[in-house]
Amino acid sequence: MDFQAIKQTARQARRYVLQMNHRAGKGHTGADLSEVDIICTLFMGVMDRSAARPDQDRFILSKGHGAGGLYCSAAAMGMLDPTVLDQFMGDDTLLAGHPVRQKLPDLVEINSGGLGHGLPIGVGLALGNKLSGMGHRRAFVLLGDGELAEGSNWEAAMSASKFKLDNLIAIVDRNRLQLAGKTEEIMPLEPLADKWLAFGFEVLECDGHDPQAIANAVNQPSVGKPRVILANTEKGHGISFMANVPAWHHSVPNDEQLALGLAELEEE
């Protein structure tokens, strides 16, 4: 696994995020930037998508407001023509503000963004794989940490534990910020690891911006339980003036900020 290549791809995805959201005047810039290392690592170094559906690993972006990060990661990985990014959030576009499967069926697993829906669907995919003799195929679900206030996640977690879905891997983009501020002030999650343990999950933590750490957490030998990875991230990661600033949840760069951000991404 070429971790350096994954890092460089994620860096390119960040460039695309800034340019795309600036052009559109819309987007969730902070949320996009926190997730791209996770997405690039999964697609480039972890998931097996060599077979046709349904016999392949599947990825669900439950935090659907991070659609821009998915699109830009796909463009950086060569899965999407970068010129299509110009369509982001336009009229009758392929790239809606939340992922739409009917528009991009090779990339988008479900229409997401109604927060709390991705994990239940991931449970269904993982259970379906078990029942159909494809238990070796995994369902990956990327969740936002603010999203965990939705009770449907915990109903899904109980089901995953009951059915011993060791082919389900939930990854929490733990950037500790949501739309209106800090998660721990809006709806406290801690002790988050203990909560998942109580629901019968194996719990691992990692640096969500380190491809090797992400891959190591995903590829740990199975212990016969569903797994959750608490990926510690930084909202707006990679851009100094955006990092860990709640306002960038739903802000887009102006001309000056675009130039500054792109310049930072050129630095090693």
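Here is a short conversation about a predicted model.

Student: Let's begin with the open sheet of 5 strands; what is its strand order?

Tutor: Happy to start there! The pairing in this open sheet is parallel, and neighbouring strands are turned by 20° against each other on average, direction ignored. Reading across its 5 strands gives the order β1-β2-β3-β7-β6.

Student: Which are the edge strands of the sheet?

Tutor: Look for strands that pair on one side only. In the order β1-β2-β3-β7-β6, these are β1 (58-61) and β6 (202-207).

Student: What is the bridge partner of L204 in β7?

Tutor: β6 pairs with β7 (residues 227-232) in the parallel sense, over 6 bridges. Within β7, the residue bridged to L204 is I229.

Student: At about what angle does helix α8 run to β6?

Tutor: Helix α8 covers residues 211-218 and lies across β2 (139-144), β3 (168-174), β6 and β7. Its angle to β6 is about 170°.

Student: How far apart are the end C-alpha atoms of helix α4, and what span should its 14 residues have?

Tutor: Helix α4 takes in residues 118-131, and at 1.5 Å a residue its 14 residues should span 20 Å. The end C-alpha atoms agree with that, being apart by 20 Å.

Student: Within what arc do the buried residues of α4 fall, seen down its axis?

Tutor: First, the list: G118, L119, G122, V123, L125, A126 and N129 are the buried residues of α4. They line one face of the helix, because seen down the axis they fall within an arc of 165°.

Student: Which elements do the buried residues of α4 pack against?

Tutor: Both strands and helices take part here. The buried residues of α4 pack against β1, β2, β3, α5 (151-162) and α7 (192-198).

Student: Is R14 buried or exposed?

Tutor: R14 sits in helix α1 (residues 3-24). Leaving aside neighbours within four places in sequence, its contacts include L33, V36, D37 and H209. With a relative accessible area of 5%, under the 20% cut-off, R14 is buried.

Student: And D145: which backbone nitrogen lies 2.6 Å from a polar atom of its side chain?

Tutor: D145 is in the loop between β2 and α5, and it is buried, with a relative accessible area of 2%. The backbone nitrogen of N175 lies 3.2 Å from a polar atom of the D145 side chain. The one at 2.6 Å belongs to R176.

Notes. Residues are numbered from 1 along each chain as its sequence is written. This is a predicted model: local features need pLDDT of at least 70, side-chain atom pairs count only at pLDDT 80 or more; totals for chains, interfaces and linings use all residues. Side-chain values use heavy atoms; hydrogens and water are left out. Two strands pair if DSSP finds at least two bridges between them. Helices (H or I, at least four residues) and strands (E, at least two) are DSSP runs, numbered from the N terminus. Axes are lines fitted to C-alpha atoms, for helices over the stretch in contact, and angles run from 0 to 180 degrees between N-to-C directions. Contact means heavy atoms within 4.5 Å. The expected span of a helix is 1.5 Å times one less than its number of residues. Buried means under 20% relative accessible area, exposed over 50%, partly exposed in between (1.4 Å probe, protein chains only). The arc is that of the directions from the helix axis to the C-beta atoms. A polar contact is a pair of N or O atoms within 3.5 Å; within protein, one must be able to donate a hydrogen and the other to accept it, and residues adjacent in sequence count only if both atoms are side-chain atoms.
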